[in-house]
Amino acid sequence: MTEFDIRDIPFSRRGSWFGISPVIAENVHADDLHLVSHQTGMHPVLRFVVADARVTVTPAVLSWQAAGGRIDLVYQSADTIRLRGDGLGIRVAAAASTLTPFSGTYLYRDPADGSFVFTSYETGRRYRLTVLTGSPVARGLELLGSGDRHVDLPGGPAWEIAIEEYAAARAPFSSPVPFAEVVSAARDAFDSFVDAVAPWRGGQTPAAELAAYVIWSATVSPGGFVTRPAVLMSKHWMDKVWSWDHCFNAIALAAGEPALAWDQFLLPFDHQDPAGALPDSVTHSEVLYNFVKPPIHGWAFGLLRRRLGPLPAGRLTEAYDRMAAQARFWLDHRRVPGDALPYYQHGNDSGWDNATTFDAGRLLQTADLAAFLVLHLRELSVLAAELGLDHDWETAAAELEKNLFARLWDGGRFVALRPGSPSSASSSLLALMPMVLGDTLPPEVRDHLVAGLREHLTDQGLATEPVASPHYVADGYWRGPIWAPSTVLIEDGLRRAGETALADEVSARFRALCERSGFAENFDAVTGRGLRDRAYTWTAACYLILAEAHARRSAS
């Protein structure tokens with residue numbers, strides 16, 4: 001079974017709201033592993049202290065190993081972990097050293113069953129430690145203010161404990177399942193998942209199993225504002241569902257986990273506002289509407305349908321109604337009266353927060369937005385025809401596409417417009433995103449876009465800003481690094497435009513990048529080093545999308 005570095009990828013399992021990791025805040029690594037919960041935010045709750053031990057991790061088991069013995073940790077269920085030690089001791093401590101009326105963790109011993117309960121103010125949850133075998137030593141019981149609160153399981157004789165996350169109360173922990181069977185069940189649960197989503201994996205796709213684990217382990221059960229089983233972007237600090245990230249996870253899951261894929265696609269639509277806009281992001285304790293995200297949903301739904309197979313009319317109607325309302329938001333609320341082109345209000349709306357395109361102004365009519373909306377409207381046209389609905393989305397798409405080429409194409413590149421102001425050009429990869437139109441691009445435009453893409457292509461993949469640009473920044477977010485979503489969108493457009501050689505090159509370089517550097521939020525375009533959050537699910541999903549397509553092309 002694949003091993004991975006706990007400093008990069010948290011140890012967790014499908015359905016759980018917590019993981020085990022040394023990452024306790026954005027870019028903050030602790031010396032010890034922590035139980036980190038993502039209910040009401042990212043909160044380190046418990047600290048696991050094991051002296052002078054080496055940590056190894058597979059999708060089923062996390063282990064501390066030293067000359068004196070071993071400790072294994074495994075998930076029995078989404079809210080319960082079991083730990084067993086032989087020769088090594090462990091301290092399970094409150095991560096916060098101070099308890100106030102508004103923060104910290106309180107420790108007490110429950111007289112009903114003798115368990116030790118840590119109550120976390122930040123998560124609003126309890127963490128009950130039940131000793132199955134062993135002789136615990138506790139300190140800080142019922143302590144207020146500052147001080148240590150912990151339970152020790154001394155080294156030497158074998159010991160075993162269970163830790164549960166729950167709300168207010170539950171029956172005393174009782175499990176007749178032996179530890180070895182818990183390990184076997186955890187292994188089987190992941191194996192079943194990876195066999196479903198990546199049955200095609202093999203020597204040509206060596207990172208497929210780890211990519212599947214990143215997605216599986218970042219999946220949470222419904223809770224708070226998360227209305228469905230959801231793949232968070234990460235169980236590090238990027239612990240949200242953003243309203244375009246979810247599309248890539250849905251596509252990657254569709255063939256093997258169709259129900260989970262459907263939930264991923266629809267989750268942001270559960271919070272669609274009355275104007276039809278999707279929220280910027282959804283997480284356990286908040287739904288944000290201050291920005292939106294690009295309308296890639298028509299493009300994504302087309303791919304999703306092909307992977308899911310025939311859908312019942314009820315599901316098609318549900319998707320149509322929600323995507324139609326989303327289209328009306330852009331057409332009715334994001335266009336100047338009398339103007340066919342929609343606009344972003346900020347770079348964050350595009351998903352490319354700080355791309356150089358927005359140096360000319362934040363409120364812009366851009367070619368990527370128009371192209372995505374054209375694809376969205378055309379998918380609605382297909383759905384309307386299938387459902388027998390009388391709506392001429394194709395006319396709206398044609399009018400928008402005509403304005404895209406008439407007003408944003410200057411004969412050599414796409415420009416951006418600030419409504420009522422002169423056009424502006426940038427060297428950002430964002431200006432090349434109309435490649436997603438594929439085979440509907442005029443040949444001259446297609447050829448210019450292909451030439452521009454080659455200028456962005458490094459040995460590692462498609463840089464979001466050319467390395468030679470004066471605006472290039474190695475760790476500049478959307479001003480240089482390589483990103484997964486732009487790669488997949490462009491690769492798909494190239495392939496539909498008949499540019500298969502370049503599509504193959506883009507796919508191969510990105511897959512090789514992930515196989516070397518893992519599934520980071522983005523990557524240095526020159527060195528390939530993973531940047532920012534190192535366990536990002538849309539990166540893993542995009543690897544699976546490209547790897548599956550490559551494997552199937554190779555097989556045929």
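**Figure 1. The whole chain at a glance.** The radius of gyration used here is taken over C-alpha atoms, and the globule rule is 2.2 Å times the number of residues to the power 0.38. For the 556 residues of this chain, that rule puts a compact globule near 24 Å, and the chain agrees because its own radius of gyration is 25 Å. Please keep in mind that this is a predicted model. Along the principal axes, the C-alpha atoms fill a box of roughly 75 × 45 × 45 Å. Within the chain you will find 13 helices and 25 strands.

**Figure 2. Inside and outside of the chain.** Buried residues make up 59% of the 556 in the chain. If you follow the contacts with a separation of 6 or more, 64% of them join residues 24 or more positions apart. On the outside, the chain exposes about 20200 Å², and 51% of that comes from carbon and sulfur atoms.

**Figure 3. Charged side chains.** The chain carries 49 positive and 65 negative side chains. The centres of these two sets are 1 Å apart.

**Figure 4. A tilted pair of phenylalanines.** The whole structure holds 28 aromatic pairs. One of them joins Phe-265 and Phe-269, whose ring centres are 5.6 Å apart, with 35 degrees between the planes, a tilted arrangement. Both partners can be looked up by their accessibility: Phe-265 is buried at a relative accessible area of 1%, and Phe-269 is buried too, at 4%.

**Figure 5. An edge-to-face pair between a loop and a helix.** Here Phe-519 meets Tyr-543, with ring centres 5.7 Å apart. Their planes stand at 65 degrees, so the pair counts as edge-to-face, the cut-off for that class being over 60 degrees. Phe-519 sits in the loop that runs between helix H12 (500-517) and strand S24 (522-523), while Tyr-543 belongs to helix H13 (residues 537-555); the pair therefore ties together parts that are 24 residues apart in sequence. Phe-519 has a relative accessible area of 2% and is buried. Tyr-543, at 0% relative accessibility, counts as buried as well.

**Figure 6. A cluster of linked rings.** Which residues do ring pairs link into a cluster? The tryptophans are Trp-244, Trp-299, Trp-352, Trp-478, Trp-483 and Trp-538. They are joined in the cluster by Phe-248 and by the tyrosines Tyr-477 and Tyr-536. To find your way around this view, you might start at Trp-244 and Phe-248, then look for Tyr-477 and Trp-478, and finish at Tyr-536 and Trp-538, which are among the members of the cluster.

How values were computed:
Residues numbered from 1 in each chain as written. Predicted model: local features only at pLDDT ≥ 70, side-chain atom pairs only at ≥ 80, totals over all residues. Heavy atoms only, no water. Helix = DSSP H or I, 4+ residues; strand = E, 2+ residues; numbered from the N terminus. Buried < 20%, exposed > 50% of the residue type's maximum accessible area, 1.4 Å probe, protein only. Contact = heavy atoms within 4.5 Å. Areas by Shrake-Rupley, 256 points an atom, 1.4 Å probe, with all protein chains shown as cover. Lys, Arg positive; Asp, Glu negative; His and termini not counted. Charge placed at Lys NZ, Arg CZ, Asp CG, Glu CD. Phe/Tyr/Trp six-rings, centres within 6.5 Å; stacked < 30°, edge-to-face > 60°.
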